[in-house]
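The report below concerns one protein chain and should be read alongside its sequence and coordinates. Which parts line its principal pocket, and how do its helices pack against one another?

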Amino acid sequence: MNMASKLNAIILDIEGTTTSISFVKDILFPYAREHLDSFLTEHWGSEDCSTIVNLLRDQASADGVTLPAAESDPALLREGIRRYVLSLMDADRKVTALKHLQGLIWTRGYLDGHIIGHVYGDVPAALEQWNRQDISVWIYSSGSIAAQKLLFGHTEHGSLLKHFSGHFDTTTGPKTEVESYRKIAAAIGSSPEQILFVTDILKEAVAAREAGMRVNLAIRPGNAELSEVDRQQYTTITDFSQISV
């Protein structure tokens, strides 16, 4: 990799990177769980809900899980979907169907003001600086693109959406697969060596580096500990002001 190549794009992970793990684990996830029943009841039969149900059916089939037939009593089918979703939540599965559903449930919470998106205090200034330097900034998260926009559109610092050139989620591919980062580089229109990926997850860092990207590992409160070997192999940052462009 030619590290002298000019950096022209930065891709950011969310949980544990721009945003605290505790916000996701202690606020977002419990909110989705608490409002799952009411969402399914109120939106059952809607286009959005029907799309989610079809995605969940496909995922259940891949998991070897049998759900009630589509022609079943609606209450029986809804209960089957509810139980399956809860099992996905319990296992913290990073599957597209669950992430889309969570995003839809969180929409009301953000719009009602019950959820305020958390970002670390060093993030807004860094975004502004990179924009001034004509470095495009992108988000790649396991959370749906809709959920990403909700979070950054409703933060304690106001909306930060203007700072981002675009968003990627698991519809592009799993975050631990090399091909996902190659696809993103192609979509951005930059060569991988001109892209910096910032994440707190080692497996994601490994995949991005193998795709040719530069990588910084974020060390934030509550993140998984990195070994001394990992710290030696990757540039680590505790604050976005430490990111060298």
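The sections that follow take up the pocket and then three helix pairs, all in a predicted model.

## The largest pocket

The largest pocket has a volume of about 500 Å³, and its lining is made up of 30 residues. Among these lining residues, E15, K94, S141, S142 and G143 are the ones that lie nearest the centre of the pocket.

Three elements each give two or more residues to the lining, namely α1 (21-34), α5 (96-111) and α7 (145-153). Of the elements, α1 gives the most, with five residues. Sorted by class, the lining of the largest pocket comprises 12 nonpolar, nine polar and nine charged residues.

## Helix α5 and its partner α3

Helix α5, which contributes to the pocket lining, also packs against helix α3 (residues 47-63), at an angle of about 155° and with the two axes 9 Å apart. Because angles over 145 degrees count as roughly antiparallel, α3 and α5 are therefore described as roughly antiparallel to each other. The crossing of this pair is left-handed.

On the α3 side the contact is made by D48, I52, L55 and L56, and on the α5 side by A97, H100, L101 and L104. In terms of class, the contact of α3 with α5 has six nonpolar residues, together with one polar and one charged residue.

## Helix α5 and its partner α2

Helix α2 (residues 36-43) packs against α5 as well, here at an angle of about 90° and with the axes 10 Å apart. Since angles of 65 to 115 degrees count as roughly perpendicular, α2 and α5 are therefore roughly perpendicular to each other.

In this contact, L36, F39, E42 and H43 of α2 meet L101, L104, I105 and R108 of α5. The residues of the contact of α2 with α5 divide by class into five nonpolar, one polar and two charged. Residues L101 and L104 of α5 thus appear in the contact with α2 and also in the contact with α3.

## The pair α8 and α9

Helix α8 (residues 178-188) and helix α9 (residues 202-210) have axes that come within 8 Å and cross at roughly 55°. The two helices are therefore oblique to each other, and α8 passes α9 in a right-handed crossing.

The residues that make this contact are V178, Y181 and R182 of α8, which face E204, A207, A208 and E210 of α9. By class, the contact of α8 with α9 holds four nonpolar and three charged residues, with no polar residue among them.

How values were computed: Residues are numbered from 1 along each chain as its sequence is written. This is a predicted model: local features need pLDDT of at least 70, side-chain atom pairs count only at pLDDT 80 or more; totals for chains, interfaces and linings use all residues. Side-chain values use heavy atoms; hydrogens and water are left out. On a 1 Å grid over the protein atoms alone, a cavity is a set of points where a 1.4 Å probe fits but cannot get out, and a pocket is an open set with protein on both sides within 12 Å along at least five of seven lines; lining residues have an atom within 4 Å of a point. Grid points are joined across faces, edges and corners, and a volume is the space filled by probe spheres set on the points. Helices (H or I, at least four residues) and strands (E, at least two) are DSSP runs, numbered from the N terminus. Ala, Val, Leu, Ile, Met, Phe, Trp, Tyr, Cys and Pro count as nonpolar, Asp, Glu, Lys and Arg as charged, and the others, Gly among them, as polar. Axes are lines fitted to C-alpha atoms, for helices over the stretch in contact, and angles run from 0 to 180 degrees between N-to-C directions. Angles under 35 degrees count as roughly parallel, over 145 as roughly antiparallel, 65 to 115 as roughly perpendicular and the rest as oblique. A crossing is left-handed if the near helix is turned anticlockwise from the far one by less than a right angle, and right-handed if clockwise. Contact means heavy atoms within 4.5 Å.
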